[in-house]
Amino acid sequence: MLRTRRGTVLGTTVALLALPVLAGCSGNAEDDVRSAAEAFLEDWSAGDTEAAAGATTDPAVAGALLDQAAADLPDAALTAEVGEVAVEDGTATVDWTATWDLTAAPEWSYPATLRLQEAEEGWDVVAEPTLVHPELGEGQHLVLERVLPERAPITDASGAPLFTPTEVVNVGVDPGQVTDLPALAAALSSATGIAAEQITSDVQAAPPGQFVPVITLRRPDFEAIRAQVFDLPGAVFPTDTRLLAPTARFGSALLGRVGPATAEVLEETAEDGVPAYAAGDELGLSGLQRALQAQLTGTAGFTVSVASTDEATGDAGRELDAVAPVPGTPAQTPLVPAVQNAADAAVAGQPLPTHLVVVRPGTGEILAVSSNEAAAAGNALGGQYPPGSSMKTITATALLTAGSLTPQTPVPCPGTFVVEGREFENQDQFDLGTVPFTEAFAQSCNTTFMQQALQLPDDALSAAAAAYGVGTDWQLPVDVFSGSVPADSTGTTKAADAIGQGQVLMSPAQMALVAAGVAGGTPVVPVEVAGAEPAGPTPAGPDAAVLDALRPMMREVVLSGTATALADRGEVYGKTGTAEYGSNTPPDAHGWFMGYRLGGAQGDLAFAVLVEGGQSSSVAVGVTDAFLGAVG
């Protein structure tokens with residue numbers, strides 16, 4: 001059975017092009033011959049091989065030929081274009097062109113001829129191997145072999161491939177060699193972290209002689225547990241080669257992975273006429289590996305040859321036709337291994353789920369996307385989190401744009417502030433009295449920002465966020481959540497929105513893009529693949545004078561405010577954030593730091609760090625410190 005491009009589920013199918021069916025005997029021999037040939041092909045196309053074979057000189061032989069063709073060209077759809085008809089002395093020929101829509105391979109087309117004989121009633125198609133192909137003889141059939149091209153690489157910013165053939169060890173169980181399953185499962189679980197109950201269940205459910213996989217490890221990771229598992233009765237360790245990134249977590253949210261599918265599996269998963277290896281669902285693909293699958297894999301080729309049961313013919317293996325595979329096209333990412341490795345090392349030092357995204361100011365190129373083992377990697381790009389006080393970068397943009405404040409304007413910073421009967425407070429209710437706006441920003445005074453934001457138009461925060469690209473429907477191979485800042489919040493919700501609570505949501509990637517917009521002076525569009533179409537329109541951006549005022553405020557956060565731990569890491573600018581969530585009392589909180597550094601070994605870098613459940617921004621500042629120290 002197959003699903004054709006037309007969506008019809010059939011056996012091998014034949015579609016006729018512009019073939020009017022003539023009923024009965026016309027009195028014109030050519031018309032009668034054409035009608036008989038068309039009827040034969042129409043029955044074949046409907047999957048009624050019995051009826052098609054019944055219209056031949058030998059139904060048993062013809063039926064076997066048609067069934068063999070379906071087996072030789074599995075799941076193929078055939079279009080037949082009928083040409084000239086010739087009739088002479090009770091015999092006739094009908095020229096036609098066969099075009100096979102092969103699964104997971106290009107189309108295959110060739111000219112063919114049907115021979116017909118006049119019968120008592122009308123004309124019968126001659127049952128012979130040339131029904132299928134003009135070069136087939138008695139005892140012969142077709143052999144189709146697909147030829148897959150090499151997969152094109154995904155590369156880093158320098159053009160070096162990021163996924164390379166890497167040896168892996170498949171840790172598993174041979175049920176026939178097991179002497180003590182509970183002990184084996186417990187030992188494998190201790191070494192690999194896979195639950196003993198799962199190992200036991202999988203082994204018990206496996207048919208005799210079947211390899212039961214437990215975990216696949218890179219060779220160095222296997223060597224680290226070799227002494228614990230190698231001599232266990234029943235444990236086996238076949239090796240394999242897979243296309244893998246430099247490390248297990250390297251850019252995983254963006255790059256994704258290539259599953260362990262073999263060429264046979266790839267060929268079996270064709271969908272709607274697309275080459276089988278371009279289907280991603282069953283192949284363990286994700287990220288760019290999935291999104292760019294068709295580009296990376298190219299187009300398969302094929303060979304069609306003759307198989308013969310008659311060795312005397314000497315035709316066995318004779319090639320009838322071939323189409324060479326077309327290699328895929330590489331995809332270059334802006335990832336910089338030195339930056340990615342520094343980000344991976346920084347998040348690995350934090351036990352809580354942690355994400356770090358790095359963006360190049362001025363270009364929007366994503367240089368690194370990192371999540372530690374405790375985190376869901378996809379959330380670095382697509383996660384939706386309250387940003388807490390890191391939102392004050394956008395709120396300050398709105399206030400400076402409105403012209404009601406300058407960095408030097410005195411503003412009150414009381415310990416608490418009441419809106420519509422609800423009391424809001426600073427951390428530990430700190431009270432600065434009246435201070436310059438820059439100091440309120442550097443010390444992250446919630447009450448200041450609530451008081452001032454309530455005087456803005458209801459859509460001011462949303463407009464300031466949009467100026468950085470927040471809320472844009474980015475069209476990217478791997479989705480980036482661009483954030484959400486409501487334009488119609490009022491009262492307590494509007495006050496909470498101003499400090500990144502309420503209804504405001506952001507992803508780490510989008511906060512890094514905001515930081516890049518401040519650093520570069522021009523908001524940026526995210527870039528995941530070099531040379532791709534822009535992911536969206538370039539945001540309008542705040543006025544240059546607003547950014548000129550905002551940058552020293554972000555610098556003061558590091559020099560004298562809530563991120564002084566970064567003061568010795570070069571020219572760093574930023575904003576901390578603690579974002580409450582959940583229903584616990586006191587509430588849990590995420591820790592944020594977003595900002596940028598000018599200069600350094602890798603040039604200007606904008607970034608955002610999120611530590612889920614970190615309870616304080618200090619943990620995010622610590623991760624940032626580790627990153628900047630590692631990246632140089």
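In what order do the five strands of the open sheet with antiparallel pairing follow one another? In this predicted model, the order is β18-β17-β25-β24-β23. The edges of this sheet are formed by β18 (366-371) and β23 (571-581), each of which pairs on one side only. On average, and with direction ignored, neighbouring strands here are turned by 10° against each other. At the β18 edge, five bridges link β18 in the antiparallel sense to strand β17, which spans residues 354-359. A good place to look at this pairing is L356, whose bridge partner in β18 is S370.

Two helices can be followed next, as both pack on this sheet. Helix α11 (residues 337-348) touches β17 and β18, and its direction makes about 25° with that of β18. Helix α19 (residues 544-559) touches β23 and β24 (588-598), with an angle of about 75° between its direction and that of β23. The loop between β23 and β24 is also worth a visit, for P586 is found there. The peptide bond that joins T585 and P586 is cis, with omega at about -5°.

The residue L356 returns in the account of the nonpolar interior. The largest nonpolar core holds 114 residues, and L356, V358, I394, F437 and F627 are those with the most contacts inside it. Helix α18 (residues 508-520) gives the largest share of this core, namely nine residues. For F627, once neighbours within four places in sequence are left aside, the contacts are V339, A342, A343, A346, L356, V358, L605 and F607. A second core, separate from the largest one, has 42 residues, among them W44, A92, V125 and V306.

Another open sheet has three strands, in the order β8-β14-β15, and its pairing is antiparallel. Because β8 (140-147) and β15 (319-323) stand at the edges with a single partner strand each, one side of each is left without a neighbour in the sheet. Neighbouring strands of this three-stranded sheet are turned by 15° against each other on average, direction ignored. Strand β14 (residues 301-308) and β15 run antiparallel and are joined by four bridges. Within this pair, F302 has V323 of β15 as its bridge partner.

Two residues that are not glycines stand out for their backbone angles. D89 has a positive phi of about 50° and lies in the loop between β4 (77-88) and β5 (91-101). A104 has a positive phi of about 60° and is found in the loop between β5 and β6 (108-118). Is each of these residues buried or exposed? With a relative accessible area of 74%, D89 is exposed, whereas A104, at 2%, is buried.

Finally, a search for enclosed space across the whole structure finds two cavities of 30 Å³ or more. The volume of the largest cavity is about 60 Å³. Its lining consists of A453, L456, P457, D458, A460, L461, P486, S489, K494 and D497. Among the structural elements, α16 (460-467) and α17 (491-498) are those that give two or more residues to this lining.

Conventions: Residues are numbered from 1 along each chain as its sequence is written. This is a predicted model: local features need pLDDT of at least 70, side-chain atom pairs count only at pLDDT 80 or more; totals for chains, interfaces and linings use all residues. Side-chain values use heavy atoms; hydrogens and water are left out. Two strands pair if DSSP finds at least two bridges between them. Axes are lines fitted to C-alpha atoms, for helices over the stretch in contact, and angles run from 0 to 180 degrees between N-to-C directions. Contact means heavy atoms within 4.5 Å. A nonpolar core is a set of buried Ala, Val, Leu, Ile, Met, Phe, Trp, Tyr and Cys residues joined through side-chain atoms within 4.5 Å. Buried means under 20% relative accessible area, exposed over 50%, partly exposed in between (1.4 Å probe, protein chains only). On a 1 Å grid over the protein atoms alone, a cavity is a set of points where a 1.4 Å probe fits but cannot get out, and a pocket is an open set with protein on both sides within 12 Å along at least five of seven lines; lining residues have an atom within 4 Å of a point. Grid points are joined across faces, edges and corners, and a volume is the space filled by probe spheres set on the points.
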